[in-house]
Amino acid sequence: MPKTRRADVPDFLTKETLAALNNGTHTQPFDILGPRKCGNKRWITAFQPDAFDVVATVAGKKTPLQRIEGDVFSAPVVGKTYTLTMRYGDGTEYTTRDPFSFDPVISDFDQYLLGEGTQKELWRVLGAHVAKHQSVAGVHFAVWAPNARQVSVVGDFNQWDGRRHPMRPAGQTGVWEIFLPGVSDGTLYKYQIMRAGGTTTLKADPVGFGSQHPPEKASIVRDIAGYGWKDKAWMKSRATRADRSSPISIYEVHLGSWRRRYDDGGRPLSYKELARDLVAYVKFMGFTHIELLPISEFPFDGSWGYQPVGLYAPTIRFGPPNEFRDLVEAAHAADIGVLLDWVPGHFPTDEHGLVQFDGTALYEHTDPREGFHQDWNTLIPNYGRLEVKNYFVANALYWMEEYHLDGLRVDAVASMLYRDYSRNDGEWVPNKDGGRENYEAIAFLQEMNTAVYGADPSIMTVAEESTSFPAVSQPVHSGGLGFGYKWNMGWMNDTLRYMGKDPIYRQHDHHLMTFPIDWAFTENFILPISHDEVVHGKGSMIEKMPGNTWEKFANLRAYYAFMWMQPGKKLLFMGCEFAQPEEWNHNAELNWGVAEEPPNKGVQHLIRDLNALYRATPALHVKDCVSDGFAWLNNDPTQSTIGFARLGNDGDAPLVVMCNFTPVARDAFRVGVPQDGFWEEVLNTDAATYGGENRGNLGGLQAQDVAADGCQQSVTLTLPPLSVLVLRLRQGPTK
């Protein structure tokens, strides 16, 4: 096959240009390839490795292109719209439209927004989009790599050869684009990035909508347009479900270990199977929301999703994107919201990810004192760069818009807020004022919350924030971070510390259960018992409890009832609802067998009843975030008893909650009640159905005109050991 230069070539095909095209190093290929006028002729130039010959067809007329040098073919052709037919040595042929004959796809307006870092719908411009361009079906690829010498898209469609489809710059935005006719949904691809020094690397698409199964690393073209949602009624009613006065009880789930199909190799359930089984279970248990541990694509199972490389791709582990939508839609059909654990605070150093994306610290900081997480060996995004901030803000909007998610729980907010987080002196860079606050991250979180709530006020954002940083759940216009809710990590730590003590010593640490009320209304709090409490040697919830088997279960039942009766929304990690005895293991399903055993099933029954009571009783949720919904009644460290009232709006029946955190029964125990009348015993954790011994108050008690606990009336209770009683004022006629 001849590889020598011909004499009759257009002027623009210089020796240097031909060498660059053949070597794959030309930085402006769209200036050469495709149609181009030279003198009074229009030349078509193509680079086609392995082709024996190339023919251009215009309006039925075939014109052979001449091999100029190497694999560069060119000839003068009349007409702008043409196809290329390549014939190979084995006799096969392939015909296609020339990618280098198409106009740019990215508009001038989008180029302006990209350049300004204000394209809030970034995913509509970047990534791989199945589309028609100039009436031709194919895929438009676009990626941000401003410091690259050249970017090519590679895949099975071009033998992963970066010389074949180099991309064109989209103005001065740092974005590269190309439209490839004939490419379709399901195609594997990567970007070949040529760094400034001439070396190349292969990267997954930062805005890709799909990925291969790990450990494979390619992106997959996914057509995410036109799903056909049927959850209009849910979306319309959603505003009432995330409100501070609404009951919010969240079931936190790691999809890979909730259940597994051991009749099929032990694989996790698919999105479609979860749409059936998980949604039905959560509905049965009475939770209002499912919160998913991160499902944006991640390479390492052991990270549980907290080290993402594909923030715009639901992980392929459980199915393609539309099947994830099936799961969300099934939840909505069952009146259950879906929250996503979202990780904008760091990303891993996997070579195919964001690290040194275009040969420079593009998404991350150059200085490791600002850009390296010592705890997790990950990289910290450079929120001070407009395009990087835009990437993450747009990602938050993407999950709401494209997957109808009902909110985001933002991971590790504390690590974002402080420059010295988990660092020693000399290992961090102060802000411009010499302080430790990360102004850029704070501005990012404020912008993200403003954008998300501005796009749809009916969603909710939740901060996992473990410090005393002020106004996390206050509006941005008031100086807050703008989150809807904050996890109450202090409440969790204090109360679990108390419950882990032998009851004989609890009197000395009574404040651990009562002090959290002093700051319970400074933020809009969620009380979390999350996955972090049942891993890394911390033991399961049941194993945290002291005593013999009966006492362990009684302690746990009392703790859960205390949690549900306290002000604040609720979150419980999977398996905790039936007192799984083992620590959570992400490599195996929950111990569903033990859930059928009487003491465990009793805890599960209790959680179901707590959810039902919480949702049906306004006094337990309408004032979760305001102080006048709570009042102390009994508070006796010497007996380890705690009593309080929960109050709703005018006309809502009040509740009285009485807790006994010792294994000693309290007979004839007097507690004040806020109103006269008959007080029904609506929940007793010592009930036999929960695994208790059925000691209680025969359905309720009539208030007596005996003052106690600052109230004019009181009742005399039988208070079982290690138990919580809940009394509700009966409204209407009394017996």
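These legends accompany five close-up views of a predicted model.

**View 1. Helix α1 and the strands that cover its buried residues.**
Helix α1 spans residues 15–23, and its buried members are Thr17, Leu18, Ala20, Leu21 and Asn22. Look around these side chains and you will meet strands β2 (41–47), β4 (61–69) and β5 (72–76), which are included in what covers them. Just after the helix comes Gly24, with a positive phi near 75°.

**View 2. An aromatic pair, Phe573 with Trp584.**
The model holds 44 aromatic pairs, and here we pick out one of them. The rings of Phe573 and Trp584 meet edge-to-face, with 5.1 Å from centre to centre and 75° between the planes. Phe573 belongs to strand β29 (residues 569–573), while Trp584 sits in the loop between β29 and α15 (598–616), so their pairing ties together parts that are 11 residues apart in sequence. Both Phe573 and Trp584 are buried.

**View 3. Two arginines over tryptophan rings.**
Start with Arg259: its charged end sits over the ring of Trp258, 5.5 Å from the ring centre. Then turn to Arg409, which lies over the face of Trp487 at 4.2 Å from the centre of that ring.

**View 4. Cys576 and Cys659, without a disulfide.**
Why does Cys576 have no disulfide partner here? Its closest cysteine sulfur belongs to Cys659 and is 20 Å away, which is too far for a bond, because a disulfide needs the two sulfur atoms within 2.5 Å. The story continues at Cys659, whose sulfur has its closest cysteine sulfur in Cys711, 16 Å away and again too far for a bond. Cys576 counts as buried at 4% relative accessibility, and Cys659 counts as buried at 0%. Searching the whole structure gives 0 disulfides.

**View 5. Asn524 and its contacts.**
You will find Asn524 in the loop between α12 (511–514) and β28 (525–529). Is this residue buried or exposed? Asn524 is buried, because its relative accessible area is 6%, under the 20% limit. Setting aside neighbours within four places in sequence, Asn524 is in contact with Arg244, Ser473, Gly484, Tyr485, Lys486 and Cys625. For a sense of scale, Asp103 is 421 residues from Asn524 in sequence and 51 Å from it in space, C-alpha to C-alpha.

Conventions: Residues are numbered from 1 along each chain as its sequence is written. This is a predicted model: local features need pLDDT of at least 70, side-chain atom pairs count only at pLDDT 80 or more; totals for chains, interfaces and linings use all residues. Side-chain values use heavy atoms; hydrogens and water are left out. Buried means under 20% relative accessible area, exposed over 50%, partly exposed in between (1.4 Å probe, protein chains only). Helices (H or I, at least four residues) and strands (E, at least two) are DSSP runs, numbered from the N terminus. Contact means heavy atoms within 4.5 Å. Rings of Phe, Tyr and Trp (its six-membered ring) pair if their centres lie within 6.5 Å; planes under 30 degrees apart count as stacked, over 60 as edge-to-face and the rest as tilted. A charge sits over a ring if NZ of Lys or CZ of Arg is within 6 Å of the ring centre and within 35 degrees of the ring normal.
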